[in-house]
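Welcome! Take a moment to turn the structure around before reading on. The report below starts from one residue and then widens out.

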Amino acid sequence: MALMEDKIMVSVYCLAYNHEKYIRNTLDGFISQVTNFKYEVFVHDDASTDKTASVIKEYANKYPNIIKPIFQTENQYSKGIQIFRTYIYPKMSGKYVAICEGDDYWCCINKLQKQVDILETDESLSACVHQTTQINCVDGTQKNICGYTQNCIVEFDDIVQRGNNVYQISSLMYRKVYLDTLPQFCTCMKNVGDYPMAIYLTLVGNIYYINETMSVYRLFSSRESWTSNNSISRNKKRWIENCEDAIRMLNLADEYSEHRYHQQFMAAINRHEFDIERLTKGKWVAFQQKYKNIRREKHGLHYIKWIVGYLLPESVVYQLKKIRTYIKDKL
């Protein structure tokens, strides 16, 4: 396919750490893209202790016009350094930004082209996302992440209430110009950047959803993964800190939007307050009057499962899930 022009259209970035088992899939997804424009991929290895860096070097040598490696000799994440803003963003020259972590991968060779085509035809769009398959690396189960079933504009309320759970980060492409003047609420969370960025992109424009699976997200890919380290079961203190950060961020976002979506922001804050209280005061807080809206979202069997999950000990709930999985497999 002939190139439209000589300049870079899309800058992709990939954060990798001890992803030796998966990084080839990720890199293959990058180099296999079929486009009528140039794109660049910055792959940042944060001082991996396995052979991740060696694999990245191999691809960088073979595809120097696409793969642009950044290697660290000391782990920067553990030092609290913002890797993207410090090492990657200054090097980017594309009009658009796309992302894929080192343990995820793109499964469609036309992903970049399809997203650019949509963003190029509508200036009101701030970003474009698509369906992603989630693979649980512990039990092997798979599911679609996004709940939408047709091409559409992503609802603002969905983003605020569910955060980046509406879409997976490997599906996101957005206009790089929005990185030039990020508001305070986008940089106030210590461990999470996807959630405030999702809110920001819905405040400055519309996010378009393509109902096509073009990426794969690996859940619990390793003990070093963000999901594993920040799960409630492994780190309740970290989970509470993330909730507190989210509350501060949502209040700042409410101010930034001049309270146009005050009700939605307050509802999201209520959810995080609920998470903090149930972890610090016990599960019975679910029946407090101020959390009635959360209870009302559950109906019929879903409500019963929700109640059981909150009232029974975690060990019992885990065993019930194993029994359910066993029965489903037998049937």
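Two residues are in contact here when heavy atoms of theirs lie within 4.5 Å. With that in mind, look for Asn270 in this predicted model. Asn270 sits in helix H9 and, leaving aside residues up to four places away in sequence, touches Lys290, Tyr291 and Ile294. Is Asn270 buried or exposed? Buried means under 20% relative accessible area, and Asn270 has 15%, so Asn270 counts as buried.

**The whole protein**

Now step back. The protein has 12 helices and 10 strands, and 49% of its 331 residues count as buried. Among contacts with a separation of 6 or more, 74% join residues 24 or more positions apart. About 17200 Å² of the protein is exposed, with carbon and sulfur atoms supplying 51% of that area.

**The nonpolar cores**

Which residues touch the most other members of the largest nonpolar core? They are Leu172, Tyr174, Ile199 and Leu250, in a core of 50 residues. Several elements each supply at least two residues of this core, including helix H3 (83–88), strand E6 (125–136), helix H6 (194–204) and helix H8 (236–256). Ile199 is a good one to click on: not counting residues up to four places away in sequence, Ile199 touches Ile159, Phe185, Met249, Leu250, Ala253 and Phe265. There is also a second, separate core of 32 residues, and Ala60, Val116, Leu119 and Ile210 are among its members.

**Rings that pair up**

The count of aromatic pairs comes to 11. Here are two of them, both sharing Tyr200.

| Pair | Centre to centre | Angle between planes | Kind |
|---|---|---|---|
| Tyr178 and Tyr200 | 6.2 Å | 85° | edge-to-face |
| Tyr200 and Tyr256 | 6.3 Å | 70° | edge-to-face |

Tyr178 lies in the loop between strand E9 (173–175) and H6, 22 residues apart from Tyr200 in helix H6. Because Tyr200 lies in helix H6 and Tyr256 in helix H8, their pair ties together parts that are 56 residues apart in sequence.

The three rings can also be sorted by cover. Tyr178 is buried, with a relative accessible area of 15%, and Tyr200 is buried at 3%. Tyr256, at 40%, counts as partly exposed. Ring pairs link Tyr178, Phe185, Tyr200 and Tyr256 into a cluster.

**Charges over rings**

Finally, look for charged side chains above rings. Lys57 lies over the face of Phe71, at 5.4 Å from the ring centre. The charged end of Arg85 sits over the ring of Tyr89, 4.4 Å from its centre.

Note on methods: Residues are numbered from 1 along each chain as its sequence is written. This is a predicted model: local features need pLDDT of at least 70, side-chain atom pairs count only at pLDDT 80 or more; totals for chains, interfaces and linings use all residues. Side-chain values use heavy atoms; hydrogens and water are left out. Helices (H or I, at least four residues) and strands (E, at least two) are DSSP runs, numbered from the N terminus. Buried means under 20% relative accessible area, exposed over 50%, partly exposed in between (1.4 Å probe, protein chains only). Accessible areas come from the Shrake-Rupley method with a 1.4 Å probe; for residues, only the protein chains shown count as cover. A nonpolar core is a set of buried Ala, Val, Leu, Ile, Met, Phe, Trp, Tyr and Cys residues joined through side-chain atoms within 4.5 Å. Rings of Phe, Tyr and Trp (its six-membered ring) pair if their centres lie within 6.5 Å; planes under 30 degrees apart count as stacked, over 60 as edge-to-face and the rest as tilted. A charge sits over a ring if NZ of Lys or CZ of Arg is within 6 Å of the ring centre and within 35 degrees of the ring normal.
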